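User: I should like to learn how the terms used for a protein model are justified. Please take them one at a time and set each value against its definition.

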Amino acid sequence: MLEALDFHALPARHEALRDELRSFLAERLHDYPTDLRARSWQGFDADFSRALAERGWVGLTLPREYGGAGLDPLARFVVVEELLCAGAPVAAHWIADRQSGPLLLRFGSEQQKRQHLPAICRGEQFFCIGMSEPNSGSDLASVRTRAEANADGWLLNGQKIWTTYAQHSHYMIALVRTSGSAQDRHRGLSQVLVDLSLPGVSIRPIRDLTGAEHFCEVFFDNVQLPAGALVGEEGDGWKQVTAELAFERSGPERIYSSIALLDAWLDWLRTDPQAGQERLLGQLLGELMVLRALSVSLAAQLADGRSPVVEAALVKDLGTSFEQSIPTLLGDLLGAVQGAAVPHLLQRTLAYLERMAPVFSLRGGTREILRGVIARGLGLR
């Protein structure tokens, strides 16, 4: 699938990354079945992430002085696209590479940068996101988790939920309230860096419909943080988290979550063409090409130093709708196939994504929240 796409929108120096990366992935994933490839950025494999880091493919956009490659987001787009289309298990380093590292680079203290960025680039520190809370949904401004200043730093109490792979992470960057109340909305919010091994932190995995446990609840009971745990300036949390969400929502993972299923179906069509399926194939590939072009444009804006908050919300909304449509459309189509039996591995991949697809429009902000962001950005509300 990937080889058929037009890559001319990306600089040649970045395209040069593809051949070496494809060789690496072909060797590492040669016996990886399609239904495991469908997990991709939810597949946790610390050894795989460290192997990527050894080759310089983690922390690509971070400066060389902090252990990174000093490349721009367009280079990272190439690497991420190859990883996702191969179905590589990238969850271990994903959050740190995509947003926690860039956030610390932009807002963190020099001590925070020196302590964490090189470790991220080596694949030694994994991060999770502390945004969502019970009874708040995607309304981040209503968070109640609180960090109160004391003689030793900050005393943290509260709860986070839907925290991906918190049980395997070393740190969380959490959005918390450091002054005022939930009624104050954006005012009084800050971000803190939480060492998840500290006393008072407890983590409870949540099992989903597929049997996986990548989401977690995280509880803070009088967790004492040092003074240096504050990220950026106190009270700037909303500005910082908005910038972080632009990183989270802008990547190609928002369009490729069902790519393993599309590839498996296409492989079957090559060996056993089914009448009438060419139209659906053309429809899906056309949508994919448009979404990919939009996603590349977001990477270009990030490379230019901009923070495309509204644009990222728009592409995520469109992209997750596309991702969700693939198992729905192929499920209907394959259920009506006459004659030759649908390959078992294709059925297993479809079954996994049918159960997983509802999550696509929840993670990173619900569809309703995103459309509110878009409407405000367009001056419609």
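User: Why is Trp-162 called partly exposed?

Analyst: Buried means under 20% relative accessible area, exposed means over 50%, and partly exposed lies in between (1.4 Å probe, protein chains only). Trp-162 has a relative accessible area of 47%, so the term partly exposed applies. The residue is found in the loop between β3 (153–160) and β4 (171–177), where helices (H or I, at least four residues) and strands (E, at least two) are DSSP runs, numbered from the N terminus. Trp-162 also has a positive phi of about 60°, although it is not a glycine.

User: What kind of model do these values come from, and how are the residues numbered?

Analyst: This is a predicted model, in which local features need pLDDT of at least 70 and side-chain atom pairs count only at pLDDT 80 or more, while totals for chains, interfaces and linings use all residues. Residues are numbered from 1 along each chain as its sequence is written, and side-chain values use heavy atoms, with hydrogens and water left out.

User: Is Ser-197 buried or exposed, and how do you know?

Analyst: Ser-197 has a relative accessible area of 61%, which is over the limit for exposed residues, so Ser-197 counts as exposed. Ser-197 is found in the loop between β5 (189–195) and β6 (201–206). The C-alpha atoms of Ser-197 and Trp-154 are separated by 16 Å, with these positions 43 residues apart along the chain.

User: What makes Leu-156 count as buried?

Analyst: The relative accessibility of Leu-156 is 0%, so this residue meets the definition of buried. Leu-156 has its place in strand β3. Contact means heavy atoms within 4.5 Å, and, leaving aside neighbours within four places in sequence, Leu-156 is in contact with residues including Val-176, Val-194, Phe-220 and Leu-225. By contrast with these contacts, Leu-156 and Pro-343 are 52 Å apart in space, C-alpha to C-alpha, and 187 residues apart in sequence.

User: What makes a group of residues a nonpolar core?

Analyst: A nonpolar core is a set of buried Ala, Val, Leu, Ile, Met, Phe, Trp, Tyr and Cys residues joined through side-chain atoms within 4.5 Å. In soluble globular proteins, nonpolar side chains tend to be buried together. In this model the largest such core has 87 residues, and those with the most contacts inside it include Leu-25, Phe-127 and Trp-265. Helix α5 (residues 73–86) gives the most to this core, with 10 residues. Apart from it lies another core, of 19 residues, and Leu-156 is among them, as are Trp-154, Val-176 and Val-194.

User: What is called a cavity here, and how many are found?

Analyst: On a 1 Å grid over the protein atoms alone, a cavity is a set of points where a 1.4 Å probe fits but cannot get out, and lining residues have an atom within 4 Å of a point. Grid points are joined across faces, edges and corners, and a volume is the space filled by probe spheres set on the points. A search of the whole structure finds 3 cavities of 30 Å³ or more, and the largest has a volume of about 70 Å³. Its lining includes Ser-40, Trp-41, Tyr-256 and Arg-363.

User: How is the lining of the largest cavity divided by class?

Analyst: Ala, Val, Leu, Ile, Met, Phe, Trp, Tyr, Cys and Pro count as nonpolar, Asp, Glu, Lys and Arg as charged, and the others, Gly among them, as polar. On that basis the lining has 7 nonpolar, 3 polar and 2 charged residues.

User: Why are Ser-40 and Tyr-256 called buried?

Analyst: Ser-40 has a relative accessibility of 5%, so Ser-40 counts as buried. Tyr-256 has a relative accessibility of 3% and therefore counts as buried. Ser-40 lies in the loop between α3 (34–37) and α4 (46–54) and has a positive phi of about 35° although it is not a glycine. Tyr-256 has its place in the loop between α8 (237–250) and α9 (259–271).

Key:
1 Å grid on protein atoms, 1.4 Å probe; cavity = no way out; pocket = protein on both sides within 12 Å on 5 of 7 lines; lining within 4 Å.
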